[in-house]
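Me: I would like to learn how to read some features of a protein model. Please take them in turn, with the general idea and then the case at hand.

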Amino acid sequence: MQCNVYSRYLGPHGFGGVQISPPNEHRAIWQPWRPWWERYQPVSYKLTSRSGNEQQLRNMIQRCNDAGVRIYADAVINHMARGDSGYGIAQSWYDVEVLSYPGVPYTSSHFGSPNGECRSDSGNVEDFTDISQIRNCRLEGLPDLDASHDDVKSRITAYMNRLIDMGVAGFRVDAAKFIWPHDLGEILAKLKNLNETFFPRGSRPFIFQEVTNKGVNGKMWGQEYVAYGRVTEFKYGLKLGQAFSNPGNLSNIEILIGSLDMLPDSLALVFVDNHDNQRGHGGGQGVITFKEPRQYKMCNVFMLAYPYGITRIMSSFDFNDTEAGPPSDMKGHTLTVTVNKNGACEEGWVCEHRWRSIKNMVGFRNIAAGQPLTNWWNNGNRQIAFGRGDKAFVVINNEDYPLLQTLKTGLPSGEYCNIILGDFDPSMGLCSGPTIHIDGSSNAFFRVGTGNDSTAAIHVGAKVSKSGTRYPS
């Protein structure tokens with residue numbers, strides 16, 4: 001666990017934080033490779049995982065905070081590890097058959113009974129439209145903690161508060177939909193304020209809760225959790241996939257995102273894909289991933305430009321088998337991320353957050369924060385453009401022919417770096433790539449191609465002060 005790369009890269013490029021994998025002890029699965037999902041099978045709340053030990057975690061959190069990059073821990077609190085008895089990654093014994101996890105400790109009294117309130121023959125969730133099954137039965141056979149039990153609440157809270165003491169800024173609550181909202185609310189209400197070493201006095205943890213889909217009879221289950229924090233809006237990535245796939249239509253994307261089955265802007269956390277659905281799990285069919293790089297870049301450019309929700313960017317490792325874990329050595333230890341001289345990741349690491357069109361759009365979003373959507377334009381099909389007040393403007397071309405168009409941007413006149421194709425150096429006022437000229441009427445001519453240059457983006461934080469290349473008009 002290191003944060004040197006965060007202070008050198010994420011902080012300077014405007015990233016606000018990092019969601020880390022569950023930091024607690026988990027089941028250790030030794031196969032030809034170690035599956036990604038072993039991190040989501042807790043054995044104890046000891047802070048040792050495949051990523052490292054407690055001291056390494058503590059050092060990472062402090063160094064990230066010192067660099068202005070916040071850490072959000074993935075909290076797996078709905079269940080414990082399934083499978084046979086064995087030892088976790090930190091050598092804690094567990095026995096699934098008798099529901100014994102002495103590393104916490106949990107015994108059978110801390111788990112929901114499949115023969116009690118769970119109304120399914122197997123004791124597992126069989127009907128994902130039955131909210132009673134979802135919150136009382138086992139998710140894919142994982143022993144379901146009884147969050148109404150005071151001991152369960154106190155042990156979960158103690159674990160999360162320990163991470164707060166170390167300096168985390170908040171939590172993603174995994175499988176939140178499988179925990180009764182009032183029980184989850186009681187757990188979150190007992191969390192401490194954030195560590196004053198890193199945060200202003202009285203700061204509260206930022207909470208975002210994994211709620212995967214729409215409920216029955218038009219009821220949005222996510223609405224039951226918004227009192228406790230943001231809720232993951234999974235339909236957002238699906239709708240981007242629908243709009244940006246062939247033969248998708250971008251001209252009505254505002255209607256798709258503004259539809260009544262979506263959470264309001266102020267309640268949603270959004271993403272193009274995540275670690276589950278990029279593998280086709282969790283309703284991932286139709287989601288666009290790094291395996292379709294042109295569409296994936298366009299989706300992320302749109303998400304970071306459009307004023308909806310809090311955005312989260314995926315940073316992946318490559319895989320062919322959807323069960324496979326990250327690049328590892330022969331002993332199963334996760335390999336350090338390697339970055340080449342061009343800033344791209346190698347040896348199995350994808351690192352989408354380092355792709356220029358995604359990385360530079362983080363700065364765009366920061367510049368455009370709080371600005372309204374303005375100057376919308378579309379060609380009636382798969383070309384769109386829009387501004388964010390007088391701060392930023394973006395053009396997206398998903399047609400199979402170039403976009404050649406003069407558009408009103410809303411920005412002051414001048415020369416702007418096209419941050420999709422070049423990097424802006426604020427100290428020199430120079431752009432490493434082509435620039436776009438805005439005239440005195442706030443108009444600019446855009447030539448946007450069909451390959452890696454299928455988007456263009458400009459903002460007032462990347463205004464060129466010296467001569468550079470520019471599109472011919």
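**Reading the features**

Reply: Start with the second largest cavity: helix α8 (residues 293-305) gives the largest share of its lining, three residues. The model is predicted, so local features need pLDDT of at least 70 and side-chain atom pairs count only at pLDDT 80 or more, while totals for chains, interfaces and linings use all residues. Residues are numbered from 1 along each chain as its sequence is written, and side-chain values use heavy atoms, with hydrogens and water left out.

Me: How many cavities of 30 Å³ or more does the structure hold, and which residues line the second largest cavity?

Reply: Rolling a probe the size of a water molecule over the atoms shows where empty space is left. A cavity is a set of points on a 1 Å grid over the protein atoms alone where a 1.4 Å probe fits but cannot get out, and lining residues have an atom within 4 Å of a point. Points are joined across faces, edges and corners, and the volume is the space filled by probe spheres set on them. Here there are two cavities of 30 Å³ or more, and the second largest has a volume of about 40 Å³. Its lining is made by Arg294, Lys297, Met298, Ser357, Ile420, Gly451, Asn452, Ser454 and Thr455. Two of these residues are nonpolar, five polar and two charged, where Ala, Val, Leu, Ile, Met, Phe, Trp, Tyr, Cys and Pro count as nonpolar, Asp, Glu, Lys and Arg as charged, and the others, Gly among them, as polar. Helices (H or I, at least four residues) and strands (E, at least two) are DSSP runs, numbered from the N terminus.

Me: Which residues have the most contacts inside the largest nonpolar core?

Reply: In soluble globular proteins, nonpolar side chains tend to be buried together. A nonpolar core is a set of buried Ala, Val, Leu, Ile, Met, Phe, Trp, Tyr and Cys residues joined through side-chain atoms within 4.5 Å; buried means under 20% relative accessible area, exposed over 50%, partly exposed in between (1.4 Å probe, protein chains only). The largest core has 111 residues, and Tyr106, Met160, Phe171, Phe244 and Phe302 have the most contacts inside it. Helix α8 supplies the largest share of this core, eight residues. Not counting residues up to four places away in sequence, Phe302 touches residues including Tyr236, Leu240, Phe244 and Ile384, with contact meaning heavy atoms within 4.5 Å.

Me: Is Arg172 buried or exposed?

Reply: Arg172 lies in strand β5 and is buried, at a relative accessible area of 1%. A polar contact of 3.2 Å links its side chain to that of Glu210; such a contact is a pair of N or O atoms within 3.5 Å, and within protein one must be able to donate a hydrogen and the other to accept it, with residues adjacent in sequence counting only if both atoms are side-chain atoms. Arg162, in helix α4, is partly exposed at 35%.

Me: What should I look for in the backbone angles?

Reply: Most residues other than glycine have a negative phi, and most peptide bonds are trans. Here the bond from Val104 to Pro105 is cis, with omega near 5°, and a cis bond also joins Asn246 and Pro247, with omega about 5°. Glu347 has a positive phi near 55° and is exposed at 58%. Ser442 has a positive phi of about 70° but is buried at 10%.

Terms used. 1 Å grid on protein atoms, 1.4 Å probe; cavity = no way out; pocket = protein on both sides within 12 Å on 5 of 7 lines; lining within 4 Å.
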